[in-house]
Amino acid sequence: MPHLQMKRRRKVTGRHHGMQAVTLCISTTMVLILLGLVVLSVQAARNLSTYVKENMMVNLVLGDTVTADEGRALVAELQASAYARQVKYISQEEALRTMTAELGDDPVKFAGVNPFQAEIEILLQAGYANSDSLARLTTTMTKDTRVIDVIYAKDQIDAVDRNIQRINLFLIVLVILHIFICFTLVNNSVQLGIYSRRFTIHTMKLVGAKWSFIRHPFLWRSIGIGFVASLLACAVLGAGVYSFYRYQADLARFIGWWELGVTAVCIFVFGFVIMLLCTLFSVNRFLRMTAGELYKS
C-alpha cells in the first residue's frame, strides 16, 4: 500500500509539473508573439519611411539654351552621384505631350509657343531625402548654368521628417516598455513553476548537491520550453502575415522574407535568453533561502 500511495503521488506530481510546463509554454508563446509583432512593426515602419523618401521627386528646370545632349550629359552626371536613385530627362516636346494628354487640349493653341521647359526628374536615395541634404543639393544645382530652378515639395519633406522622428521615438519607447513587460511576465511565470519545487531544491542542497548540479535540469527544461514557445510564436506570426498577404498583396513591399527572418531570429534569441535568465534568477533565489525562509515565502 505505501508503495502504491507513493506511486500515485509521483503520478500526480508529474501531472502537476507537466501542466505547469504547458502553462509556462503558452504564456511565453503569447509574450513572444507580442514581441514579434513589435519587431515586425519596427521593420515595416522603417521600410515605409524608406519607400516614402525614395519616391520624393526633385525637378531641375533647365534653361532654354540647354540642348538635349547637354541635358542628357547632366543626367549622366547626376546618375553617378551618391544621392540620386533614378534620374530621367524630360524634353520640352515630351513635357508638352504629357500635359496635352492630361489636359485634353494642346496648350500651344493658347500660348502660341511651347510653354514648358526641359526638366530632369530625380528620385533620391532615402538617406538624402531630408531638408538638410536637399538644401545643399539646391545650392549646388543652382550654381550650374544649365539649371535655372530646383523644385521639390519642401513642406511635405519637412512634414515627413517630423513624422518619422515621432514614429521612431514612439517605437523606441514601445520596444523598451515591451521588453520590460515581457521579462516581468515570463519571470513571474517561471517563479511560480519553480516555487512548487522549492523544497526539492532545498533537499538536494542539504544532501550536498552543488548549485550547478541543481540548476542544470531547470535550465535544460527552460531551454526546451523556450524553443517550443519560439516555434509556436513564429508559426502564429507566419500564419498571420500569410493571411494578410492574401488580402493585401502590397504588404510584401514592407514585410518580406528578410524581415520575417530577422523577426524569427529575435524571437528565438529572446525566448532562450529570457527563459534562461528568469530560471537562473529564480533557482538562485531559492538556493540562497534557508529552511525557515522557504516556509515563509
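Contact here means heavy atoms within 4.5 Å. By that criterion, among contacts in the protein chain between residues at least 6 apart in sequence, 82% join residues at least 24 apart. The structure shown in every view below is a predicted model.

**Figure 1. Overall arrangement of the helices and strands in the predicted protein chain.** The protein chain contains 10 helices and four strands, and along the sequence these elements follow the pattern α-β-α-β-α-α-β-α-β-α-α-α-α-α. Of the 297 residues in the protein chain, 35% count as buried.

**Figure 2. The largest nonpolar core, with 28 residues.** Within this core, the residues with the most contacts are Leu32, Val186, Val190, Ile194, Ile201, Ile274 and Met275. The elements that contribute two or more residues to it are α1 (2-54), α6 (154-195), α8 (211-247) and α9 (257-287), and of these α9 gives the most, with eight residues. A separate core, of 25 residues, lies apart from this one and includes Leu78, Tyr89, Ile120 and Ile122.

**Figure 3. Close-up of Ile194, one of the residues with the most contacts inside the largest nonpolar core.** When its neighbours within four places in sequence are left aside, Ile194 is in contact with Ile201, Phe218, Thr279, Ser282, Val283 and Phe286. One of these partners, Ile201, is also listed among the residues with the most contacts inside the core, whereas Phe218 belongs to the α8 side of the contact that α7 and α8 make with each other.

**Figure 4. Packing of helix α8 against helix α9.** The axes of these two helices come within 8 Å of each other and cross at roughly 150°. Because angles over 145 degrees count as roughly antiparallel, that crossing makes α8 roughly antiparallel to α9. The passage of α8 across α9 is a right-handed crossing, and the residues that form the contact between the two helices divide into 22 nonpolar, seven polar and one charged.

**Figure 5. Packing of helix α7 against helix α8.** Helix α7, which spans residues 198-206, packs with α8 at an angle of about 150°, and the two axes are 9 Å apart. The two helices are therefore roughly antiparallel to each other, and their crossing is right-handed. On the α7 side the contact is made by Ile201, Met204 and Lys205, and on the α8 side by Trp211, Phe213, Ile214 and Phe218. By residue class, the contact of α7 with α8 is made up of six nonpolar residues, no polar residue and one charged residue.

**Figure 6. Close-up of His202 in helix α7.** His202 has a relative accessibility of 13%, and therefore counts as buried. Although His202 and Phe286 are 84 residues apart in sequence, their C-alpha atoms are 7.7 Å apart in space. Phe286 is also one of the residues in contact with Ile194, the subject of Figure 3.

**Figure 7. Close-up of Cys25 in helix α1.** At 12% relative accessibility, Cys25 falls under the 20% limit and so counts as buried. Leaving aside neighbours within four places in sequence, the residues in contact with Cys25 are Ile225, Val228, Ala229 and Leu232. The C-alpha atoms of Cys25 and Ser189 are 9.4 Å apart in space, while the two residues are 164 residues apart in sequence.

**Figure 8. Close-up of Glu121 in strand β3.** The strand that holds Glu121 covers residues 119-124. Residues up to four places away in sequence not being counted, Glu121 touches Met57, Val58 and Asn59, and also Gln86, Val87, Lys88 and Ile90. Between the C-alpha atoms of Glu121 and Leu60 the separation is 6.6 Å, and these two residues are 61 residues apart along the chain.

Notes
Residues numbered from 1 in each chain as written. Predicted model: local features only at pLDDT ≥ 70, side-chain atom pairs only at ≥ 80, totals over all residues. Heavy atoms only, no water. Core = buried A, V, L, I, M, F, W, Y, C linked by side-chain atoms within 4.5 Å. Buried < 20%, exposed > 50% of the residue type's maximum accessible area, 1.4 Å probe, protein only. Axes fitted to C-alpha atoms, helices over the stretch in contact; angles between N-to-C directions. Parallel < 35°, antiparallel > 145°, perpendicular 65-115°, else oblique. Left-handed = near helix turned anticlockwise from the far one by under 90°. Nonpolar A, V, L, I, M, F, W, Y, C, P; charged D, E, K, R; others polar.
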